[in-house]
Amino acid sequence: MGFFESLRFIWLFLPNLMPREIYELGVMAVAFLAIVIFITLMVLFMVWFERKIIGHIQVRRGPLHTGGFHGWAQTIADTLKLFLKEDIVPRGVDRPVYVLAPLIVFMSTVVAYIVIPFSKNLVARDINMGVLFVFAVSSVTTIGIFMAGWGSNNKYSLLGAMRVAAQIVSYEVPLLLSVLGVFMLSQTLSLSGIVEAQKHVWYVFLQPVGFVIYVIAGIGEVNRLPFDIPEAESELVAGFHTEYSGLRFAFFFLSEYANMFVMSAMATVLFLGGWHGPVLPGFVWFMIKAFFFMFLMVWLRGTYPRLRVDQMMAFCWKVLLPLAFLNLLVTGLVMAAF
Amino acid sequence: MPELKTDSLFINMGPQHPSTHGVLRLGLTIEGERVVNVFPDVGFLHRGIEKLAESRTYIQTIPLTDRLDYMSGMSNNLAYVLAVEKLLDVEVPRRAEFIRVIVAEMSRLASHLIWLGSFANDLGATTPLIYCFREREDILDALEILCGARMTFNYVRFGGVARDATPPFVEKLRKFLSIFDRRVDEYEELLTKNAIFTNRTRGVGLLTREEAISYAASGPVLRGSGVKWDLRKDAPYSVYPEMDFVIPTGEAGDAYDRYLVRLVEMRQAARIIRQALDGLPEGDFTAKMPRVLKPRKGEAYSRIEAPKGELGFYVVSDGTANPYRVKIRAPSFINLATIPTMCKGALVADIVAVLGSIDIVLGEVDR
């Protein structure tokens, strides 16, 4: 028996060797570890990717020296620096709230990865209402961010936190409404099921309006330009994370980018046919599509100024929301007719 | 249901803040996002330049003026030199006058470019900033060829300028001018018709014609409010009467109008430089000056249209080698006083847009 065959043998018989609960727990632990490693590596790449793209948009070159090839190690060096920095807890903060906030934000982001189907078989847990699960846990982020703003005992942080609460709560409404059209077509809430249903035609062609609403609301949801009002640096210094530094700041930074990826991955799953694609393996297709969205977000950041807080709210409630309802109505009517 | 008790919040914006453009402190009283009251607090960069000038000779004061509005050192040099020349009775050669106009307009371009970039950056658009610095770099390179310095020039001197304009300088400048108009089109493409940009600037920071005049505002702030007042036309100095250019004015007096006025001014400045280069006469670049300058007893005031507005120097001489008193009328300082009026009923985000649209430099505000 060769090495790999024996490994496979152990893998298959593992469930019989121990109680079921312990086995399940073990599997989840492995999946969790894999997800955290994946997020870390991907965020490292994403930050480098963003800096390169934004650099070239701005007729610069971006990172160029660290590590040799086009500064590929720059983000690794930056992360190491953040890890090694002194852990500062300002004197006036509400300590438990201040300390817990980055962890809550990070955990709620990581949990969303559990249900994302990277390819046909590469999914930690395919639950039958995955879409709702993702949106539900990413709402928890709001609480973490608000805790950060409130606990910091800083006026800028507080303003930033209030903006976050207002913005994320508002943008969740059109976001979910835009996705409802997809559920109506696929008749399932399972992410894998939705991808399977797009085997022949992607929903972006059946739900173009829903797709556009999703992209806009999704960018609003992850606080990226032109909706980066909560951390508008020219107004609020750094918004809710003004008082954070070192490792705690790294957690916010990590979850911001991880959240961006969740939004991109959801767009891929819901509208762009997930892992479907010719020749290349499913996982590669999935990443290509997701990174197309990342590119879109970076592109917008390089082009647009920032909206004002009242204008952003008006845009959400007066434009996106009616449009999302209209889209839903038309989808329903068309489905009833055919 | 008990009524919710609310309170207004006082925020110190600055002196360390990303968008107060230096060490300006703004005291904001806000209710939610709405600003109830705002007052500017200046003085953090006070270096006593006016007093320093009294203990230095006339020519040693020129480098001090570089440190006022450090975005446009040439304009400051020019304003001070013009004031002292009134007491000296010198004949400035025509070539020197042309070079002075060229460098003053180059300063205007450099200053407006920085303004445009940082204004866009304050509104969240990071890309125009880098584009503007790219063009400013060309201007600074040209000035470096001309006088060896990039920001603190000490170039305009009594009776002329410090060095002659050499062919490499002219060539570099012409090359830059040949692409500049297209670059301004590029900025306009990114901003002028951008819905987010117009939403952020239209109707924000309103300053009526009467208010602008009563605050003694000047420069693009005054012209943005619809007052056609430009010292290059209305109280001409140097060889500006020979140049052909237009004075843009706004209508509404909001941040968007001030933006448009400055963009037109940039195009016009390029036009003036082109004319001055074409008409650049041969001859001396400086008059013959005595080694020790002792202007006659008396006082003189001269004012020029600096990039930020009306820059005035009042010089009192007691007949010795040092000025008895130098008083600087700094446009940024006076324009900054309009901010409480402009920010009536604004949101926190508008404060940044308004402050950016005034275009202040703290080196000049505090002197």
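Which residue stands opposite B:Leu28 in β3(B)? In this predicted model, the residue opposite B:Leu28 is B:Val38. That pair offers a convenient way into the architecture of chain B, and the description below moves outward from there, to the second sheet, to the chain as a whole, to chain A and finally to the contact between the two chains.

The pair belongs to strands β2 (residues 25-31) and β3 of chain B, which run antiparallel and are joined by seven bridges. These two strands are part of an open sheet of three strands, with the order β1-β2-β3 and antiparallel pairing. At its edges lie β1 (9-13) and β3 (34-41) of chain B, each of which pairs on one side only. From one strand to the next, the twist averages 20 degrees. A general rule helps when looking at such strands: side chains in a regular strand alternate between the two faces of the sheet.

Another open sheet of chain B is also built from three strands, in the order β6-β7-β8, and its pairing is antiparallel. Here the edge strands are β6 and β8 (323-329) of chain B, each paired on one side only. Neighbouring strands of this sheet are turned against each other by 15 degrees on average, direction ignored. Helix α3 (residues 73-88) of chain B packs on this sheet, where it touches β6 and β7 of chain B. The direction of this helix makes about 150 degrees with that of β6(B).

The pairings within this sheet can be followed strand by strand. Strand β6 (residues 298-306) of chain B is joined to strand β7 (residues 309-317) of chain B by nine bridges, and the two run antiparallel. The link between β6(B) and β7(B) is a hairpin of two residues. B:Gly298 has B:Ser317 as its bridge partner in β7(B). On to the next pairing, six bridges connect β7(B) with β8(B), again in the antiparallel sense. Within this pairing, B:Val315 stands opposite B:Val326 of β8(B).

Taken as a whole, chain B contains 15 helices and eight strands. Its C-alpha atoms fill a box of roughly 85 × 45 × 35 Å along the principal axes. The radius of gyration of chain B is 21 Å, which agrees with the value near 21 Å of a compact globule with 367 residues. Of these 367 residues, 51% count as buried. Among contacts in chain B between residues at least 6 apart in sequence, 71% join residues at least 24 apart. As for confidence, chain B averages a pLDDT of 88, and 100% of its residues score at least 70.

One backbone detail of chain B deserves a look. B:Ala216 has a phi near 60 degrees, a positive value in a residue other than glycine. By way of background, most residues other than glycine have a negative phi. B:Ala216 is found in the loop between α8 (209-214) and α9 (220-224) of chain B. Is B:Ala216 buried or exposed? B:Ala216 counts as partly exposed because it has 15 C-beta neighbours inside 10 Å, whereas a buried residue needs 20 or more and an exposed one 12 or fewer.

Chain A has 13 helices and zero strands. Its C-alpha atoms occupy a box of roughly 60 × 60 × 45 Å, taken along the principal axes. For 338 residues, a compact globule would have a radius of gyration near 20 Å, and the 21 Å of chain A agrees with this. In chain A, 44% of the 338 residues count as buried. Of the contacts in chain A with a separation of 6 or more, 76% are between residues 24 or more positions apart.

Chain A, too, has a residue other than glycine with a positive phi: A:His70, near 45 degrees. A:His70 is placed in the loop between α2 (20-57) and α3 (74-84) of chain A. With 15 other C-beta atoms within 10 Å, A:His70 is partly exposed.

The two chains meet in a contact that takes 23 residues from chain A and 25 residues from chain B. On the side of chain A that touches chain B, α6 (155-186), α10 (233-236), α12 (282-303) and α13 (309-337) of chain A each supply at least two residues. By class, this side of chain A has 11 nonpolar, five polar and seven charged residues. For the complex, the predictor gives an ipTM of 0.77 and a pTM of 0.84.

Technical notes:
Residues numbered from 1 in each chain as written. Chains lettered and ligands numbered in written order. Predicted model: local features only at pLDDT ≥ 70, side-chain atom pairs only at ≥ 80, totals over all residues. Pairing = 2+ DSSP bridges. Helix = DSSP H or I, 4+ residues; strand = E, 2+ residues; numbered from the N terminus. pLDDT = per-residue confidence, 0-100. Contact = placed C-beta atoms within 7 Å. Nonpolar A, V, L, I, M, F, W, Y, C, P; charged D, E, K, R; others polar. Rg over C-alpha atoms; globule rule 2.2 N^0.38 Å. Axes fitted to C-alpha atoms, helices over the stretch in contact; angles between N-to-C directions.
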